[in-house]
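Work through the exercises below with the structure open. Each task is followed by a solution in steps.

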Amino acid sequence: MEFRYLGRSGLKISEITYGNWLTHGSQIENETAQACVRSALDAGITTFDTADVYANTKAESVLGDALSGERRESLEIFTKVYWPTGPKGHNDSGLSRKHILESINGSLKRLRTDYVDLYQAHRFDTETPLEETMRAFADVVRQGKALYIGVSEWTADQIREGVALARELGIQLISSQPEYSMLWRAIEEEVAPASEELGVSQIVWSPMAQGVLSGKYAPDTAPPEGSRAATEVTKGAIARFMTPEILTRVQGLRPLAEEAGLTMPQLAIAWVLQNDNVASALVGASRPEQVTDNVKAAGITLEPALMASIDEVLGDVVERDPARTAERAPKQRPS
Ligand code: NDP
């Protein structure tokens with residue numbers, strides 16, 4: 001495994017982070033979840049990402065159980081706050097002081113740890129003054145419950161403002177967690193350059209476009225049994241990529257992967273890691289063998305000619321509009 005610094009900080013994280021959205025506490029049985037975490041640890045992954053909202057808090061519990069017994073200092077554990085949890089009452093979501101200070105306690109309990117390495121704002125809260133949010137995060141850090149602060153799907157301007165407030169408060173906002181893959185490049189024009197300048201790294205989610213870039217979904221063919229696109233509770237999330245045009249273009253990547261001596265999942269993950277502002281590819285798995293395949297993407301360099309061929313094959317199915325980031329924050333705090 002290779003490691004990279006997270007933002008302008010002294011924290012090193014593994015180039016591949018294991019994430020448990022849609023899987024733990026939901027799509028897969030606990031036993032399989034434990035086996036996936038085991039294979040991540042065995043492959044050298046030290047960084048684990050979850051959120052209070054995943055499986056309405058169950059994902060944190062499953063991960064906490066799977067990591068209990070491991071040496072805490074050898075791990076980086078990340079979680080998030082914003083989306084509604086529990087009974088989804090009027091203060092059970094967002095980035096108010098009340099919700100942040102309450103939510104961190106629940107997360108720590110479920111994760112069976114005294115602190116998380118990174119506490120992330122899962123979205124920008126348009127209803128809470130940013131100063132209130134950052135003060136609450138600063139208190140979480142001062143209480144020793146989180147070491148660093150991060151954000152997810154914030155625009156360049158929001159990150160800039162957050163970093164300025166964090167500096168005033170003496171805490172470190174060092175990461176941004178956006179979607180980024182060969183198919184979804186909305187951060188390249190604004191978020192990544194601003195982050196670079198501010199000393200913030202990207203930890204990128206769905207680098208495989210939820211499995212689509214593994215090439216296992218052929219156009220006009222039923223998705224493989226048990227896959228995300230074939231599973232009732234998860235197929236809605238992946239639907240936007242399941243168009244004949246995207247699936248056909250993705251099949252065109254197969255010869256490029258073969259020529260490079262990589263599997264398609266490895267090519268997809270290595271691709272996001274070519275961006276210097278990316279600290280880690282945040283990868284999911286429904287089976288332990290997937291983790292073993294995916295980690296081999298760490299440390300791989302893709303030649304410029306291969307990068308250009310990928311762009312040629314994918315053509316105009318690639319999303320590049322920076323405005324897509326702003327669309328990710330709900331206009332009103334969800335309940
Ligand atoms: P990926 O793009 O890595 O998709 C993972 C899924 O692809 C797996 O669950 C599996 O699904 C399939 N897959 C994985 N490896 C292989 C393989 N080798 N061969 C074939 N199929 C494979 O990422 P996710 O969409 O799961 O997101 C990763 C993480 O990012 C999440 O767990 C979460 O931590 C974070 N995230 C953050 C968000 C945010 O708002 N901040 C939003 C979404 C995710 P299957 O086998 O079921 O088909």
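**Exercise 1.** Find what the side chain of Arg8 reaches, and describe the setting of this residue.

Solution. Start with the polar partner: in this predicted model, the side chain of Arg8 comes to 3.0 Å from the backbone oxygen of Glu197. Next, place the residue: Arg8 sits in the loop that links strand 1 (3–5) to strand 2 (12–14). Then list the contacts beyond four places in sequence: Arg8 touches Arg167, Gln172, Glu196, Glu197, Leu198 and Gly199. For one of these, Gln172, the C-alpha to C-alpha distance from Arg8 is 8.8 Å, across a sequence separation of 164 residues. Last, check accessibility: exposed means over 50% relative accessible area. Arg8 has 55%, so Arg8 is exposed.

**Exercise 2.** Decide whether Glu153 is buried or exposed, and identify the backbone atom that its side chain meets.

Solution. Glu153 belongs to the loop between strand 7 (146–151) and helix 6 (156–169). The cut-off for buried is under 20% relative accessible area. With a value of 3%, Glu153 is therefore buried. A polar atom of the Glu153 side chain lies 2.8 Å from the backbone nitrogen of Glu179. Glu179 also appears among the contacts of Glu153 outside four places in sequence, together with Arg123, Gln177, Pro178, Trp205, Thr325 and Arg328.

**Exercise 3.** Classify Thr46 by accessibility and list its contacts beyond four places in sequence.

Solution. Locate Thr46 in the loop between helix 2 (30–42) and strand 4 (47–49). Its relative accessible area is 15%, so Thr46 counts as buried. The contacts, with neighbours within four places set aside, are Phe3, Ser14, Ser74, Leu75 and Glu76.

**Exercise 4.** Compare the overall dimensions of the protein with the globule rule, then describe its burial, contacts and charges.

Solution. Count the elements first: there are 14 helices and ten strands. The radius of gyration is 19 Å, close to the 20 Å from the globule rule for 335 residues, so the protein is as compact as a globular protein of that length. The C-alpha trace spans about 50 × 40 × 35 Å along the principal axes. Of the 335 residues, 58% are buried. Among contacts with a separation of 6 or more, 81% join residues 24 or more positions apart. The exposed area is about 13700 Å², with 48% of it supplied by carbon and sulfur atoms. Finally, take the charges: 34 are positive and 47 negative, and their mean positions are 5 Å apart.

Conventions:
Residues are numbered from 1 along each chain as its sequence is written. This is a predicted model: local features need pLDDT of at least 70, side-chain atom pairs count only at pLDDT 80 or more; totals for chains, interfaces and linings use all residues. Side-chain values use heavy atoms; hydrogens and water are left out. Helices (H or I, at least four residues) and strands (E, at least two) are DSSP runs, numbered from the N terminus. The radius of gyration is taken over C-alpha atoms; the globule rule is 2.2 Å times the number of residues to the power 0.38. Buried means under 20% relative accessible area, exposed over 50%, partly exposed in between (1.4 Å probe, protein chains only). Contact means heavy atoms within 4.5 Å. Accessible areas come from the Shrake-Rupley method with a 1.4 Å probe; for residues, only the protein chains shown count as cover. Lys and Arg count as positive and Asp and Glu as negative; His and the chain ends are not counted. The place of a charge is taken as NZ of Lys, CZ of Arg, CG of Asp or CD of Glu. A polar contact is a pair of N or O atoms within 3.5 Å; within protein, one must be able to donate a hydrogen and the other to accept it, and residues adjacent in sequence count only if both atoms are side-chain atoms.
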